Amino acid sequence: MTVKVINIQPPSTAKSNPLNPLSKNVRIHLHKCLEEAYADPKVTSIVLFGGANFSAGADITEFSAKGKDPKEEIEGSKEIPSLEELTRLIENSSKPVVAAVTGVALGGGCEIALSCHFRVAHVKARMGLPETKIGLIPGAGGTQRLPRLSKDIKFTLNVITTGRMVGMSEAKSKRVIDDVVDGGVQDVVDKAKKWAEYGELMGDISHKKSCNQKVVAEDDARGFNSARFICDQVAKKLPHPERGGEAVHGALKAVRASFEKNFDDAMEVESEIFWDLLLNSSQGRGLRHAFFAERAAQKGNAKLLKGPVAAAFLDKKCTPQIGVIGAGTMGAGIATCFLRAGCKVILVDVNEKGLQRGVQTITKIFEQDVAKKRMKPNQAKHILSKNFSHTTDMSTGDFSKCLVVVEAVFENLQIKQSIFAQLDKTIQNSQALLLSNTSTLSIDSIASALSEARRPYCAGMHFFSPAHIMKLVEIVVSSSTSPETTALVQFITSKTLRKVGVTVGNCQGFVGNRMINPYSSEAVFMLEEGVASVPEVDKAIYNFGMAMGPLAMGDLAGNDIGYLIAKSKGLTKDPKTGKPGKNRTPGMRYSDLGDDLVIKLGRVGMKKQKGWYDYNHKVGKGRQPLPSKEVAEFVKSYVKKVPRAKFTDNEIVERALFGLVNEGFKILEENIAQKPSDIDVIYLYGYGFPSYRGGPMYWIDNEVGLPYFLKRLQELNKEFPGSAHYVPSKLLKKCVALGIGLEDFYAKGLHLNKSKSKL
Ligand code: 3H9
């Protein structure tokens, strides 16, 4: 007996990507190795393995390679086999083929494994079919082989529609895996060889081919009814096809075919849906853009990770000590993130009561983690008793030994500066990172409180609320932040905290909040013009795909916060005299409606159960916006006398989002963001922009089109000359004049050397 072990990855590319994407070269190599093994009479069985990882699936870059036909790239030809051909080649082999699964086996990688006659996996391996997350369905038999092996439609649908990874004990219990091995890669291969020999002894392995198996036995009427019932129930819970649900509905249809049709016919159904989605779905293109944008935003420079602070984070055995200043909602959330990541945290607040509230908040979050089985009780206990401490005085105890300090007190420059001046004296390690969670203040101004030698270690680390849930962090680079500090904060954000960090420049509101201003203000202008009601504005934006409308978002964040920011900018009117704020320039478009909602009606938002909407603790845990009669009447009294026709949903979307995107162009022009896709990532992870539209910059570039966008901005600018956010950006005009899209403008390097920014 000779078991031939085939490495999926050709030797020439083995080091290029340890995730083994199944690109053309890999498929050609695998095909050749299989044919050789089949032809060699000495080879009696085969083991497939991939090194540290089996495979992360089809090479997603081939799906959207510019100027190339995805059909040619993926479908296969005489010379280049498709993934589907490979799975058939494996399954139809008369010699047993065993998959030795290590690391991940996802998408096409999982499909290759499912087509083998046996699967042996490392105990920590994970399998999954995440294609729906990138707007596709499994296209090499995954929708057919997983239900045939598991005989479990509910499990199959859950795995495919969520795209989640399945651990090996679950996979074994569902009969997807035959054996689980603890040890190293070689141990998995050795065990797989044993299974290969066992397969040989079996002689006839046709019953081990999943294509020969049935999900439901032909005479099992109850089984069919149950499978159909499960599909119907799942269908009700899926997102609407127009709100990003095209792929999951496609997957459901393909899985339904697994018990309604024979294998070959069902494979036809899968193939038809896969190709339709790949070639025609703009949702899928948006999702794939989001996949690569997220990774591109987080590309830190690993070479810059030097010095004692970086070493403490790079060494997995170390428990770096973090200081968090301010025990409010943000501070408690940030402390939780570091504690969950295995760091030691000292929480500081000068106010004892505030500090205790913060401690309670953190304890409660860990209790919830335990209740929701995200953490074991003794793990939570260990973290809170061993890694967490608190104090009202940062000059005492271990605080001086912190390697990273994140300040999260309320937005007052003087207070923040005095804290940083104190940190300068207190923190022993001269290279410790001194970071601020400010969302509005200049990092340069905050850093100015530090001695010159400390300033390179100061940056912004802008978390989004609630910090222990939201994945986004804006990493704000000041004029004195060193590249090493930026690289380390990026590393800590993505690798230690497992969040999505985007590096941005220093300006009012940074990227996300600066762009949100036009969006929120246009929502109120539309009310004032009488072109839409509060629920109508939000519904149109929700239908567009945003997680919620701008007015509901105001209620969630607190309308008082918006009011205070406008007040600090000198824009709000004097509540007694009614005189406009000193910084309202003549002709400037400004609505008092939102300010008055707070001042006159006290409608600050969800926290007081009244804002643009009413809230009732008995409905949707007090979080469901309910249309308010009081607000409708109040708004009526502000409606301008000039009668206007009601807006369509599309008009509402354009009015709310075009100013936002135009601001994004200006941010790029000023080099506050490095590339358009960074802005997309900020909006996808921080503001609930629909991922199937790729992000605001991708959406305007690919779905709306820059010439139309510019034309509409020019019209809006003419109609509302008092709104700076409708003045078209120079970058936009340049792209349109060159007849080039924004992404291409950047891809061609036309943006380079135009700014002195540090980014
Ligand atoms: C499919 O299989 C279709 C088939 O059903 C049918 C076909 C006919 N392709 O994420 P990371 C890159 S669809 C190309 O930072 P992690 C990634 O861009 C596919 N590249 O690592 C990054 O590159 P860079 C179904 C890929 O440890 C680098 O690898 N499969 C692919 O945080 C490291 O990635 C999926 O959807 C790929 N398939 O996470 C799985 N995968 O260094 C997609 C990764 O240049 N992948 N890259 O930035 C993932 O979910 C994560 O990468 C994974 C690892 C969880 C595996």
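## A salt bridge to start with

Which side chain meets Arg-27 in a salt bridge, and what is the N to O distance? The partner is Glu-62, and the N to O distance comes out at 3.1 Å. Keep in mind that this is a predicted model.

The Glu-62 and Arg-27 pair ties together distant parts of the chain, 35 residues apart. Arg-27 sits in helix 1 (residues 24-39), while Glu-62 belongs to the loop between strand 2 (45-49) and helix 2 (70-74). Across the structure, the count of salt bridges is 40.

## How the chain divides up

The domain assignment splits the protein chain into domain 1 (3-280), domain 2 (302-504) and domain 3 (512-747).

UniProt has something to say here too, through an unreviewed entry. Its annotation "domain: 3-hydroxyacyl-CoA dehydrogenase NAD binding" covers residues 321-506. In the model, that span is 41% helix and 22% strand, with its end C-alpha atoms 27 Å apart.

For "domain: 3-hydroxyacyl-CoA dehydrogenase C-terminal", also from an unreviewed entry, UniProt lists residues 509-615 and 652-739. Residues 509-615 come out as 50% helix and 0% strand, and the end C-alpha atoms are 29 Å apart. Residues 652-739 are 69% helix and again 0% strand, with 27 Å between the end C-alpha atoms.

## Where domain 2 meets domain 3

The C-alpha centres of domain 2 and domain 3 are 31 Å apart. Their contact draws 12 residues from domain 2 and 11 residues from domain 3. Between them, the two domains bury about 900 Å², and 69% of that is on carbon and sulfur atoms. On the domain 2 side, Leu-472, Val-502 and Val-504 lose the most area to domain 3, together making up 38% of what that side buries.

What about polar pairing across the interface of domain 2 and domain 3? The rule finds zero salt bridges there, and one residue pair in polar contact, with both residues at pLDDT 80 or more. Strand 15 (472-477) and strand 16 (500-505) each give at least two residues to the side of domain 2 that touches domain 3. Strand 16 provides the largest share of that side, four residues. Sorted by class, the side of domain 2 that touches domain 3 has six nonpolar, four polar and two charged residues.

## Two backbone oddities

Most residues other than glycine have a negative phi, and most peptide bonds are trans. Lys-373 goes the other way on phi, with a positive value near 60°. You'll find Lys-373 in the loop between helix 15 (352-371) and helix 16 (377-387).

The peptide bond joining Ser-465 and Pro-466 is cis, with omega at about -5°. Pro-466 is placed in the loop between strand 14 (458-463) and strand 15.

## Around Asp-152

Which backbone nitrogens does the side chain of Asp-152 pair up with? One belongs to Lys-154, reached at 3.2 Å. Another belongs to Phe-155, whose backbone nitrogen lies 3.0 Å from a polar atom of the Asp-152 side chain. Asp-152 itself is in the loop between helix 5 (142-150) and helix 6 (153-162).

Leaving aside residues up to four places away in sequence, Asp-152 touches Pro-147 and Lys-174. Arg-175 is 23 residues from Asp-152 in sequence, and the C-alpha to C-alpha separation of the two is 9.8 Å.

Conventions:
Residues are numbered from 1 along each chain as its sequence is written. This is a predicted model: local features need pLDDT of at least 70, side-chain atom pairs count only at pLDDT 80 or more; totals for chains, interfaces and linings use all residues. Side-chain values use heavy atoms; hydrogens and water are left out. Domain bounds come from an automatic or database domain assignment. Contact means heavy atoms within 4.5 Å. Buried area is the accessible area (1.4 Å probe) that two parts lose on being put together, summed over both. A salt bridge is a side-chain nitrogen of Lys or Arg within 4 Å of a carboxyl oxygen of Asp or Glu. A polar contact is a pair of N or O atoms within 3.5 Å; within protein, one must be able to donate a hydrogen and the other to accept it, and residues adjacent in sequence count only if both atoms are side-chain atoms. Ala, Val, Leu, Ile, Met, Phe, Trp, Tyr, Cys and Pro count as nonpolar, Asp, Glu, Lys and Arg as charged, and the others, Gly among them, as polar. UniProt positions are given in the numbering used here, feature names are shortened, and annotations may be inferred rather than shown by experiment.
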